[in-house]
Amino acid sequence: MMIGGRLLTLGIVVSLDAVGIDTVHAQSQSPPARTETSVEGPPHLEEVTVTGSRVRRDGFDAPNPLTVVSSEQIEQLGQVNVAETLSLIPQNTAFQSDTNIGIIGSANIGSTFANLRGLNPFYGTRTLTLVDSRRFVPTSDGGAVDLNMIPSMLVSRIETITGGASAAYGSDAVAGVVNVILDKELNGVKSQMDYGETFRGDGQSKHAAIAAGMPFAGGRGHFLIGGEYQDNGGVGDCARERDWCAESWDIYTNSNFRTRDASGKLVSSGYNVPGSPTYGQPNFVVGPHSSQAFNVAQGVFRDVNPTPAALRYMRFNDDGTAIVPMDPGLYSNDQGFGPRQGGDGDSTYEDSALRSPIERYSVLGHARYDLTDDLTASLELSWGGRDVSVAQQLSGPRSTYYIKADNAYLPAAVAALFPPGGQASIGKDLDGSYRALNSANAEVFRAVAGLNGGLFKDWRWDAYYQYGRNTREQTISNTRVNSFFQYSLDAVRDPASGNVVCRAVLQGVADAAGCVPMNLFGNTNLSREALAYAWRTTREDFEYEQHVFAGTISGDVYEGWGAGPIGTAFGAEYRTESGDVTHGNIPYYNQFAFTFGQDFGGDIDVLEGFAEVNVPVLRDAPAARLVELNGAVRQTRNENKDSITGESKSQDVTSWKVSAIYDPVDWLRVRTTRSRDIRAAGFRELYQKSVPTEEGTTQGRVNNPFNGNAIDPTPILNGGDFALTPETADTTTIGIVLTPADLIDGLRISADWYEIVIDDAITSTTGQQLIDFCQSLGSFCDRITFNPAAPGNTDVTFIKATQVNLSTFTSRGVDFEFDYTLPLSKFSSAPGSLNFRLLAAWNYDLIIASAPGSPVRNFSGQTGPTPAFGDFNSSPKWLLNSLLTYSAGSFSTTVNVRYVDSGKLNTLRIGPDDPNYSPTLLNSISDNTVDSATYVSLAMTYGFDVGDSTELEVFGVINNLLDKDPPIAPGGGGGGGSSYPTNPAYFDTLGAQYRAGLRLRF
């Protein structure tokens, strides 16, 4: 916003050094020895408001740890996307990104979300993403903002506060705030073109951008416009494209499976079956050569009832005319999914794309005009989008879809092995012939109109209206339609004509009209006509609108008592959001194997009022150069209405923050904050609808501890829950900042301890977890339906496993920053300067209590896959990012080293590295360790003048310079299988990549 012709943003304006990344230190009227410096000269300090606060201040007043990445930093490292820039900040982890796709279709394919501390839930966000300190319309039904939609060419800096900020900004700021500040004072034209790819020749990336700004009306106004386009090529299936992935490491379950003994007889085996072939091995085994259970291209009979014993583990030959023994490898269970080691069949990772291809584009225009000397109007319009399409698994037959003895395509010798009226379950890998294609097209429009000006003395006001609209069209082609598939699979001969037809057609089943019989036996017998009949396209259309009306008044209420004026800010905000998720009115939508859920929609209306005060207590006193206190409170009323059911509710919640800074001497600052933060349930968490799973399938059964741990087939209902209440978080930070200018000029060090405790955390549960909670803790039994007619009333007939306020999360750690700039002229006549900056995050506690009274687990140091619930993401104990930059005139080069600490594969399991390990334990695993990883990148830029006021710059960067393969860390998949044999949130899966380009400024 503009005040008196000056830019006022809710963030810090910093003087950027050669590296351009900074943890901001408070500087309001502080002693000159603490003033920021850079090699270009003294800083230009503007009247600004620090992120996390709404009180106006001069300089670097930051009681919270705040990290700033500048546009200079972005350019030096050759980055062209806001998501890439956030990777510099060790507190952020990209668990949703274009290199973490998985094997099951996702509605957010190709998106990248900010995720501070790894605390985002699976269906929501605990990180608030802002643009110019204002909310951006959510681009996912979970409330997150896709960073692809923000034009990086226009970014001035990115501010990240990793502490609670709900009192300043409202809901979703539990883990912190990512605030993208745009360069609205640009004068002139700048443009860029660049190209990149991996050293293996895939993953091509083309990017072009241009921006221009100019004053008008004699300087009373300013106009800015910019556009950007990027085409990122995909990287194909993991096992085919990378040697480390072709080894196909996975986690296998050494229990409840059968294998062949030395005589070839099928016998039960496992860690808990003495004398069996795999007894003596732990329950979980980490090893190479992963394939999926009963998943071969020719088709194989499963080892599950009612399959006749003579057919189990028998597969068809390539042309489907006979059966031969299948090599099942080890650890194969009776599920359609789930890994086994070795044997026939393709790698588990044949269908896991390493990166989704994506096109993103954006245009932004901004104008502001001083209507009077103290009244400014502004208007901003932006539009952007993304297109993405990636191949994913094609759903084959379920274990409950049976081949019958009179199937017309069965070879006679095979049919003779069926008893009269017998049936058999078959598994088949269909991806060699056909693939499902997950495609998304999303567009965002945003408009912001604002007015700001002066009231009296130094009092200012700001008001704005914002409108945002997001639309997304999502489709997955070749998705199995369960009813059509079963009709088509049940192929028989018409007694009248002798032709092969669908049995349901002979029986006159109305919705079987047009059925095309399918032949799943062998490699080449499934016709395209049968595929087109039994596999169709599922879709989801998502529309979301946001209206925001907000106003703020700020100024000094009292000149104070010599330490400085007491400043305050207060205001109100009304935000209304409405969304609809529909699925094209497809009449058989509930029959799809994998859908996005049912139609749902609803409204979220939020009315908030807030106040903040900043009180300087002491300045230049004998015991304190500066003592300053800050407090804020926000009252929120949240109203929800489900547009499908008509339910409505309202909730009131209070958030607050108190903070203090204390400078005992010139070179030392102590800072602390304490806040109560809140997060109300988001759109998807409240309104998402689904249908119960099919009982007896992998998704529709539980181990029932009330009935001797017998397997109970039961429907399970997932989805959102309208009864959810807001989760609360208590956040504490205590830190120090050292700037010993007299001892070492240019050195800055900061360390900030934090604790975030989230209560009533909104989480996803599984049916099995609810059964276990009910049996062991007596919790959530009301979500389980038992059959009263069954003996002992122990037969489970239904489970409501929707979203629930369940857990307590506690995250503790320390954030470090070291920054030192050394002009080489101090020691020699060499030109330029060196800058070394280290950002480090030490997360020593990530403690989860799943339910009241349940065991407490510390997931800190787990770098394997996401653990229980999927509503938080485990973290290494240490994440470090260091940058060494040499700058001289128009040349600069930066070496970036990123380190990921070694850790555990799964905190809930116990491996040989633990003194309490035994292979007879239920949670035993053969190797529970994950190696560390160090990645080196090299970037260079060189600029030269090509005319009056025209500069051309060439740049290049190589990421993962040493082409380091990721450590083995499998297990983070869906449907029983791993998505990758590593964790792509922390480890690079593409290998060495380069980018080179040109920039032109005039």
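Biologist: In what order do the three strands of the open sheet with mixed pairing stand?
Modeller: This is a predicted model. Its open sheet holds three strands, and their pairing is mixed. Read across the sheet, the order is 41-45-44.

Biologist: Which strands stand at the edges of that sheet, and why is one side of each left without a neighbour?
Modeller: An edge strand here has a single partner strand, so one of its sides has no neighbour in the sheet. That holds for strand 41 (716-717) and strand 44 (784-786).

Biologist: Which helix packs on this sheet?
Modeller: The helix touches strand 41, strand 44 and strand 45. Its direction makes about 105° with that of strand 45. The helix spans residues 767-777 and is helix 11.

Biologist: What is the bridge partner of Leu 717 in strand 45?
Modeller: Strand 41 pairs with strand 45 (residues 796-800) in the parallel sense, over two bridges. In strand 45, Leu 717 has as its partner Lys 800.

Biologist: Now the hairpin of strand 16 and strand 17. Which residue there takes a positive phi?
Modeller: Strand 16 (residues 257-260) and strand 17 (residues 266-269) run antiparallel, joined by four bridges. Phe 257 stands opposite Ser 269. Five residues lie between the strands. The positive phi, near 90°, belongs to Gly 264.

Biologist: Is Asn 92 buried or exposed?
Modeller: Asn 92 sits in the loop between helix 2 (82-86) and strand 7 (127-131). Its relative accessible area is 12%. Buried means under 20%. Asn 92 is therefore buried.

Biologist: Which residue has its backbone nitrogen 2.7 Å from a polar atom of the Asn 92 side chain?
Modeller: Beyond four places in sequence, Asn 92 touches Leu 86, Ala 114, Asn 115 and Leu 116. The backbone nitrogen at 2.7 Å belongs to Asn 115.

Biologist: How many residues of helix 7 are buried?
Modeller: Helix 7 (residues 482-489) is mostly covered. Its buried residues include Phe 484, Phe 485 and Tyr 487. Of its eight residues, the buried ones number seven.

Biologist: Which strand gives the most to the largest nonpolar core?
Modeller: That core has 60 residues. Ile 158, Val 180, Phe 683 and Ile 758 touch the most other members. The top contribution is five residues, and it comes from strand 43 (residues 747-763).

Biologist: How many residues are in the second, separate core?
Modeller: In soluble globular proteins, nonpolar side chains tend to be buried together. The second core includes Phe 316, Tyr 401, Ala 424 and Ile 426. Its residue count is 40.

Key:
Residues numbered from 1 in each chain as written. Predicted model: local features only at pLDDT ≥ 70, side-chain atom pairs only at ≥ 80, totals over all residues. Heavy atoms only, no water. Buried < 20%, exposed > 50% of the residue type's maximum accessible area, 1.4 Å probe, protein only. Polar contact = N/O pair within 3.5 Å; in protein donor to acceptor, adjacent residues only side chain to side chain. Contact = heavy atoms within 4.5 Å. Pairing = 2+ DSSP bridges. Axes fitted to C-alpha atoms, helices over the stretch in contact; angles between N-to-C directions. Core = buried A, V, L, I, M, F, W, Y, C linked by side-chain atoms within 4.5 Å.
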